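Please look at the chain shown here and follow one residue at a time, starting from a single side chain and moving outwards to the whole fold. Each term is explained where it is needed.

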Amino acid sequence: MSPIRASERSRYPANWRAISLSIRRDRAQWECECRGECGRAHPFAEGRCLMVQGGLLFSGAKVVLTVAHLDHTPENCDPGNLLAMCQPCHLRYDAGHHAETARATRRQRFRDGGQTEMWGRAW
């Protein structure tokens with residue numbers, strides 16, 4: 001099952017799986033490439049996250065390497081915009097972006113319902 005939401009799949013190129021595999025396997029050699037982009041310091045391994053595909057997270061779950069779009073734009077698949085990241089780094093990196101898109105979705109739902117104010121704040 002793909003971690004990409006069905007509503008977002010059309011934004012990815014047809015060869016996304018090959019692009020993602022190339023970044024994870026060929027460039028990152030199945031290791032997280034995060035050097036603090038996620039907002040967390042990685043004091044070991046010259047500042048690089050130590051997680052590797054198939055390794056274990058602190059919770060005991062297996063590490064799955066993902067590919068992050070640094071500009072949060074799935075259409076931009078330039079290798080310089082892509083970074084192989086373990087799930088914790090990728091989720092931390094995207095947290096602010098996810099919060100903003102969730103706020104925008106809530107605002108739009110209220111507008112669509114004719115609501116002009118929420119918690120005393122006008123939209």
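If its neighbours within four places in sequence are left aside, His42 is in contact with Cys34, Arg35, Gly36, Gly47, Arg48, Cys49 and Cys89, where contact means heavy atoms within 4.5 Å. His42 lies in the loop between H1 and E1, and with a relative accessibility of 7% His42 counts as buried; buried means under 20% relative accessible area, exposed means over 50%, and partly exposed covers what is in between, with a 1.4 Å probe and protein chains only. The names H1 and E1 follow a simple scheme, in which helices (H or I, at least four residues) and strands (E, at least two) are DSSP runs numbered from the N terminus.

Before going further, note that this is a predicted model, in which local features need pLDDT of at least 70 and side-chain atom pairs count only at pLDDT 80 or more, while totals for chains, interfaces and linings use all residues. Residues are numbered from 1 along each chain as its sequence is written, and side-chain values use heavy atoms, with hydrogens and water left out.

The protein chain as a whole has two helices and four strands, and from the N terminus on these elements run in the order α-β-β-α-β-β. Of the 123 residues in the protein chain, 29% are buried. Its accessible surface comes to about 8200 Å², and 54% of that belongs to carbon and sulfur atoms; such areas come from the Shrake-Rupley method with a 1.4 Å probe, and for residues only the protein chains shown count as cover. Among contacts between residues at least 6 apart in sequence, 40% join residues at least 24 apart.

Two cysteines that His42 touches, Cys49 and Cys89, lead to the next topic. How many disulfides does the structure hold? The structure holds zero disulfides, a disulfide being a pair of cysteine sulfur atoms within 2.5 Å. Cys49 is in no disulfide, and the nearest cysteine sulfur, that of Cys32, is 3.8 Å away. For Cys89, the closest cysteine sulfur is in Cys86, and the distance of 3.6 Å is too far for a bond. Both cysteines are nevertheless covered by the chain, since Cys49 is buried with a relative accessible area of 6% and Cys89 is buried at 0%.

Cys89 also belongs to the interior of the fold. In soluble globular proteins, nonpolar side chains tend to be buried together. The largest nonpolar core here has 23 residues, and those with the most contacts inside this core are Cys32, Met85 and Cys89; a nonpolar core is a set of buried Ala, Val, Leu, Ile, Met, Phe, Trp, Tyr and Cys residues joined through side-chain atoms within 4.5 Å. The elements that give two or more residues to this core are H1, E1, E2 and helix H2 (87–112), and the largest share, five residues, comes from E2. Apart from its neighbours within four places in sequence, Cys32 is in contact with Arg48, Cys49, Met51, Leu65, Ala84, Met85, Cys86 and Cys89.

Charged side chains form another set of links. The structure holds five salt bridges, a salt bridge being a side-chain nitrogen of Lys or Arg within 4 Å of a carboxyl oxygen of Asp or Glu. Glu8 and Arg11 form one of them, at 3.0 Å from N to O, and Arg11 also meets Glu75 in a salt bridge at 2.8 Å. Arg11 lies in the segment before H1 and Glu75 in the loop between E1 and strand E2 (82–86), so this pair ties together parts that are 64 residues apart in sequence. Glu8, Arg11 and Glu75 are thus linked in a network of salt bridges. Arg48, a contact of His42, forms a salt bridge with Glu31, with the closest N and O atoms 3.8 Å apart, and Glu31 is partly exposed with a relative accessible area of 35%.

The backbone deserves a final look. Most residues other than glycine have a negative phi. Gln29, however, has a positive phi of about 50° although it is not a glycine, and Gln29 is found in the loop between helix H1 (16–27) and strand E1 (65–69). Trp30 lies in the loop between H1 and E1 and has a positive phi near 65°. Gln29 is exposed, with a relative accessible area of 58%, whereas Trp30, at 29%, counts as partly exposed.
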